[in-house]
Amino acid sequence: MVDERARLEVTMLGECRIESPLSELLRRRRTTRHYVDETDRVLLDDTVALVTARGVPVHELPGFEPGGPRAKIFFDPSKTRVGIVTCGGLCPGLNDVIRALVLELTHHYGVRRIFGFRNGYQGLTARYGRPVVDLTPENVAGINEYGGTILGTSRGNQDPNEIVDCLEQLSVNILFVIGGDGSMRGALKIAEVVAERGRRIAVVGVPKTIDNDIPYIERSFGFQTAFAKATEAIRAAHVEATAFPNGIGLVQLMGRHSGFIACYAALANNDADYVLIPEVPFALDGPGGFLEHLRSRVVERGHAMVVVAEGAGQEYLSARGTDASGNLRLEDFGRYLRHRIADHFAARGVEANLKYIDPSYTIRSVPANPYDSVYCIRLAHAAVHAAMAGRTEMVVGRWRGRFVHVPIALAISSRNLVDPDGDLWLSVLEATGQPPVFA
Ligand SMILES: Nc1ncnc2c1ncn2[C@@H]1O[C@H](COP(=O)(O)OP(=O)(O)OP(=O)(O)O)[C@@H](O)[C@H]1O
Ligand SMILES: O=P(O)(O)OC[C@H]1O[C@](O)(CO)[C@@H](O)[C@@H]1O
Ligand SMILES: [Mg+2]
């Protein structure tokens, strides 16, 4: 039990002694309720059954440190220098986070120097010439209207020692890393080098992923925008499928290891008859297999709509090695399935009209929708409050509807996956009517 509580505790650079500049803002509101009580925790469990299962007194229950402003902070804003970097694949909302970090740091904490490192971790290394831009409220104005990241991004390993050299040379006190699981692994290594050198540089992550695969963050920013965009492909494929005899719409959506985008986009349209995701293995061939089921349905109902996550069915293909960051390169299952469906129908003398759409990068290169924009701003505020209060080696998360501080080690210790026994997958089964198992 003690171990679990310790695993949830965030590292602090030191005691917070400086009066928060936010006090002025809050004094005018005549309240201090916005400040987080340093001893408070957001409980890990939220049902009587889960709490009872631990069989421990309430004050010993494991919980996350809540996000939000502290009355006393660690860094003196007038002397604080901040760096921001975006790493990994694109995600709607990256620019919203950058802008909100800059505005909060400048307007409410009075930080005067914010560096933007160009092109991911590359931008902090000598080999790439350390291209750095100054970020001010003026030059980040309006960037949230655009997809992508004004800072650029990259994949590929960089030496954490070199990165810390760069932070030291620029006298950076706080580094914000906006990125996915790989970026957070990198951030942890940077924080470890900082600690080895006895420096007081805070490393705080804002988790980014359209795949929604980072744990302890109920929905990652950009995910909602991405699956909303994906519904356009499903709608188009469904229109095509219903307009032709024996029409089959097949849409492949991003989702390397987690099928959240496929599940949510399929549920949003409620037109999918099949959803295939990496978390739920399926047989393609044989009497109980997917292809036979699809053929029966098309023959009986005249059309069918299939949504696949790109990480599904990889066992039918041979992997193509790894990308620059070490991520497995996926084979194109959607294209493979398209051919398998065509061959299966042709071999049985059934004419089918298959329309295949892979919206690919179009779902992640768009600007954030209003929901994600709000979320990005709030995550950025929580990240600034945490960093200014001396937290490090942590990411901002969202747990049980509250912003929380999650140690990076914990955030990268597992992957958020669609639970085949959970209520989301049950909703997919209910909405599609597909059998629970293709075997
Ligand atoms: N284990 C690791 N140690 C140090 N750095 C890492 C590690 N894994 C990834 N990185 C670095 O983090 C950066 C981004 O990683 P990656 O390409 O895996 O994307 P990501 O952050 O996981 O985002 P996404 O997968 O959502 O696109 C890269 O520069 C990569 O080299
Ligand atoms: O940019 P790349 O390397 O093609 O990455 C594609 C991958 O990135 C993601 O969009 C996650 O960022 C996955 O859904 C997808 O598999
Ligand atoms: Mg990743």
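In this predicted model, Gly89 is a buried residue, because 22 other C-beta atoms lie within 10 Å of its own and 20 or more are needed for a residue to count as buried. The position of Gly89 falls in the loop that runs between β6 (81–86) and α4 (94–108), and, when residues up to four places away in sequence are left aside, Gly89 touches Gly180 and Arg364.

A comparable description can be given for Ser183, which is part of helix α6. Ser183 is buried, with 28 other C-beta atoms within 10 Å, and its contacts, again not counting residues up to four places away in sequence, are Cys87, Gly88 and Val177. Both Gly89 and Ser183 are covered by the annotation "binding site" in the unreviewed UniProt entry, which also covers Arg155, Gly156, Gly180, Asp181 and Gly182. Although these annotated residues are spread over 95 residues of sequence, they cluster in space, the largest C-alpha distance being 13.3 Å.

The surroundings of the two ligands were examined next. Around ligand 1 there are 22 residues, of which Gly88, Gly89, Gly180, Gly182 and Gly186 come nearest. Helix α6 (residues 181–196) supplies the largest share of this shell, namely six residues, and by class the shell around ligand 1 consists of two nonpolar, 16 polar and four charged residues. Because domain 1 (2–220 + 368–399) and domain 2 (224–363 + 420–432) both give residues to this shell, ligand 1 lies between them.

Ligand 2 has among its surrounding residues Gly88, Gly89, Gly180, Thr209, Asp211, Arg256, Glu310, Asp323 and Arg364. Its shell comprises two nonpolar, five polar and five charged residues. Ligand 2 likewise lies between domain 1 and domain 2, since residues of both domains take part in the shell around it.

The strand arrangement includes an open sheet of nine strands with mixed pairing, in the order β3-β4-β17-β16-β10-β9-β6-β7-β8. The edges of this sheet are formed by β3 (42–43) and β8 (132–134), each of which pairs on one side only. In general, the strands of a sheet pair through backbone hydrogen bonds, and they may do so in either a parallel or an antiparallel manner. Strand β4 (residues 63–66) and strand β17 (residues 402–407) run antiparallel and are joined by two bridges, and the bridge partner of Glu65 in β17 is His405.

Terms used:
Residues numbered from 1 in each chain as written. Chains lettered and ligands numbered in written order. Predicted model: local features only at pLDDT ≥ 70, side-chain atom pairs only at ≥ 80, totals over all residues. Near = placed C-beta within 6 Å. Nonpolar A, V, L, I, M, F, W, Y, C, P; charged D, E, K, R; others polar. Domains from an automatic or database assignment. Helix = DSSP H or I, 4+ residues; strand = E, 2+ residues; numbered from the N terminus. UniProt positions renumbered as here; feature names shortened; annotations may be inferred. Buried ≥ 20, exposed ≤ 12 C-beta atoms within 10 Å, placed from the backbone. Contact = placed C-beta atoms within 7 Å. Pairing = 2+ DSSP bridges.
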